[in-house]
Amino acid sequence: MKSITAIYPGSFDPVTNGHLDLIERGAKMFDRLIVAVLRNLDKAPLFSLDERVEMLTEVTRPWPNVEVDVFGGLLVDYAQRRKASVILRGIRAVSDYEYELQMAMMNRKLEPNLETVFMMPAVAYSYLSSRVVREIAQLGGPVQGLVPPAVEQRLRAKVF
Ligand code: ADP
């Protein structure tokens, strides 16, 4: 029987309810979903790699077919190592499309058998990004409803 493993790659700095919406949809659609945190960020992240993995592990516990991992280097190489045939990415608005299309086409050129699947979150999360969450938290604003409670606590501890 064919079993499909998908990889959901990203920075997850931190994981938001928008990411979780996509994880929930992905966990229903694929046999296995690997949420893969990118190791080599150019910019300094707010949360360390370990912190991001810890938060993701905690909030994805309800889904037994979801795994959290870390990767560096080319995504196509990582996908091959993990025997994944699908890359899952989120599209919130038209503004995401151009960048995501470029990435998807480049990954297809590198590995034609790897499919990129795009999913749209619930409308309520279509304006939500990790960057906006970081900015609100750093300015002392409320992030309730934008991130899971565990992440809210960590943000508060980080900022104050
Ligand atoms: P990256 O640095 O790779 O963009 P992110 O953690 O910001 O990492 O996002 C990872 C993926 O999740 C991307 O495909 C992004 O479009 C998607 N994503 C981010 N926020 C949301 C959201 N609110 N709803 C749906 N998808 C989202």
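The paragraphs below lead through a predicted model, from its N-terminal loop to its helices and salt bridges. Because the model is predicted, local features need pLDDT of at least 70 and side-chain atom pairs count only at pLDDT 80 or more, while totals for chains, interfaces and linings use all residues. Residues are numbered from 1 along each chain as its sequence is written, and side-chain values use heavy atoms, with hydrogens and water left out.

The loop between strand 1 (5-10) and helix 1 (17-29) is a convenient place to begin, helices (H or I, at least four residues) and strands (E, at least two) being DSSP runs numbered from the N terminus. Most residues other than glycine have a negative phi, and most peptide bonds are trans. Within this loop lies Phe12, whose phi is positive, near 50°, although Phe12 is not a glycine. Phe12 counts as buried at 2% relative accessibility, where buried means under 20% relative accessible area, exposed over 50%, and partly exposed in between (1.4 Å probe, protein chains only). Pro14 belongs to this loop as well, and the peptide bond that leads from Asp13 to Pro14 is cis, with omega near 0°. Another positive phi, of about 55°, is that of Lys83, also not a glycine; Lys83 sits in the loop between helix 3 and strand 4 and is exposed, with a relative accessible area of 71%.

Further along, Thr60 occupies the loop between helix 2 (49-59) and strand 3 (66-71), and at 3% relative accessibility Thr60 counts as buried. Once neighbours within four places in sequence are left aside, Thr60 is in contact (heavy atoms within 4.5 Å) with Leu20, Ile23, Val66 and Val68.

Helix 4 deserves a closer reading. Its 17 residues should span 24 Å at 1.5 Å a residue, and the end C-alpha atoms are 25 Å apart, which agrees; the expected span here is 1.5 Å times one less than the number of residues. Helix 4 nevertheless has a kink of about 25° centred on Glu100, the bend at a residue being the angle between axes fitted to the seven residues ending there and the seven starting there. Glu100 is also one of the buried residues of helix 4, together with Asp96, Ala104 and Asn107, and the buried residues of this helix pack against helix 3 (75-81), strand 4 (86-90) and strand 5 (115-119).

What does the surface of this region show? Val94, Tyr97, Leu101 and Met105 make a nonpolar surface patch of about 390 Å². Patches are made of residues with over 30% relative accessible area and no salt bridge, like charges being joined within 9 Å and nonpolar side chains (Val, Leu, Ile, Met, Phe, Trp, Tyr) within 5 Å, and accessible areas come from the Shrake-Rupley method with a 1.4 Å probe, only the protein chains shown counting as cover for residues. Met105, found in helix 4 (residues 94-110), is partly exposed, with a relative accessible area of 39%. Leu110, likewise in helix 4, is partly exposed at 44%, and beyond its neighbours within four places in sequence Leu110 is in contact with Leu74 and Val76. The C-alpha atoms of Leu110 and Gly140 are separated by 43 Å, the two residues being 30 apart along the chain.

Side chains of opposite charge can pair when their charged atoms come close. With a salt bridge defined as a side-chain nitrogen of Lys or Arg within 4 Å of a carboxyl oxygen of Asp or Glu, the count comes to 12 salt bridges. One of these joins Asp69 and Arg82, whose closest N and O atoms are 2.8 Å apart. This pair links distant parts of the chain, with Asp69 in strand 3 and Arg82 in the loop between helix 3 and strand 4, 13 residues apart. Asp69 is partly exposed, with a relative accessible area of 23%, and both residues belong to a network of salt bridges that also links Arg32 and Glu67. Glu115 forms a salt bridge with Arg108, at 3.4 Å between the closest N and O atoms; Glu115 is partly exposed at 38%, and Arg108 is partly exposed at 39%.

In helix 6, the side chains of Glu152 and Arg156 meet in a salt bridge (3.0 Å, N to O). Being 4 residues apart in helix 6 (residues 149-159), Glu152 and Arg156 are separated by about one helical turn. Glu152 is buried, with a relative accessible area of 16%, whereas Arg156 counts as partly exposed at 45%. The buried residues of helix 6 are Ala150, Val151, Glu152 and Leu155, and what covers them includes helix 2 and helix 5 (130-138).
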